[in-house]
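Ready for a few warm-up exercises? Take a look at the structure first, then work through the tasks below.

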Amino acid sequence: MNLKPLPWDSTFFNLKIGKICDTDIDPDFCELDIKYYDLIYIEKLKIKKLNKELSKIINPSYIDKKDIYIKTIGFESEKDPKVKPYQLNTPNSALIKLAIQSAAFSRFKLDKNFKNDLYKKLYSIWIKNSVEKKSADIVLIYGTIQNPLGFITVVLKNETAYIGLLAVSESHQNKGIGKALIEAAGNFALKNNLFKLHVITQSENTNACAFYKKNGFKKDTVIYTYHHWNKKC
């Protein structure tokens with residue numbers, strides 16, 4: 001069994017955390033490997049049911065379902081002058097607030113075994129690393145740097161542009177801001193000779209799923225992530 005340790009997660013949550021892909025089962029599968037960790041993520045593609053070997057010793061307390069959407073970009077969209085790169089060296093409070101808002105359906109918020117509000121710290125670090133270009137190639141905002149009404153982060157990797165975070169201020173939704181950000185992300189991809197946009201969103205976030213479909217994305221596959229806890233956070 002390929003049970004991989006996750007050093008970053010382990011340090012952040014102060015737990016021993018590992019990860020299994022459900023296909024990584026081998027003859028050396030051992031319950032002791034499971035018990036070594038405080039928390040294990042088990043990722044499955046498409047099918048929700050755990051395989052027979054895992055189901056004997058895994059008792060997940062939380063299941064997260066995500067939809068993967070992909071869009072092929074054929075041409076550059078008209079530029080919206082209100083969309084621009086975020087140019088400060090660190091995220092300001094307004095941008096951090098939007099990043100935390102984007103975590104509304106995150107498994108790190110919804111799994112109550114995590115300590116209260118740890119997800120806020122997690123998403124604050126995520127947007128900080130994105131601005132510093134450690135986990136994103138660009139952060140685009142809609143509006144002003146002092147008062148962004150929305151933002152999107154994009155990572156260029158393996159011939160695809162990956163959307164990491166996307167949020168629009170709750171008071172300015174349904175006004176075309178999300179669409180403008182998606183189109184700007186597509187233009188950024190094209191400038192780097194990439195022709196696909198990739199995004200993952202929680203299946204329960206029906207508004208986000210409908211938004212991506214409306215803007216030309218097609219659902220590619222589904223990922224189920226189980227949380228098996230041996231020790232609570």
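**Exercise 1.** Which residue in β2 is the bridge partner of Leu 3?

Some groundwork: this is a predicted model, where local features need pLDDT of at least 70 and side-chain atom pairs count only at pLDDT 80 or more, while totals for chains, interfaces and linings use all residues. Residues are numbered from 1 along each chain as its sequence is written, and side-chain values use heavy atoms, with hydrogens and water left out.

*Solution.* Start with the strands (DSSP runs of E, at least two residues, numbered from the N terminus; helices are runs of H or I, at least four). β1 pairs with β2 (residues 17-21) in the antiparallel sense, over three bridges; strands count as paired if DSSP finds at least two bridges between them. Within β2, Leu 3 has Ile 20 as its bridge partner.

**Exercise 2.** Find the strands at the edges of the sheet.

*Solution.* Read off the order of the 10 strands: β1-β2-β3-β10-β4-β9-β8-β7-β6-β5, an open sheet with mixed pairing. The edges are β1 (3-5) and β5 (83-85); each has a single partner strand, so one side of each lacks a neighbour in the sheet.

**Exercise 3.** Work out how enclosed helix α7 is.

*Solution.* First, locate α7: it covers residues 177-191, 15 in total. Next, check burial (buried is under 20% relative accessible area, exposed over 50%, partly exposed in between, using a 1.4 Å probe and protein chains only). Of the 15 residues, 12 are buried, so α7 is largely enclosed by the rest of the structure. Among them are Ile 177, Leu 181 and Phe 188. After α7 comes Asn 193, with a positive phi near 60°.
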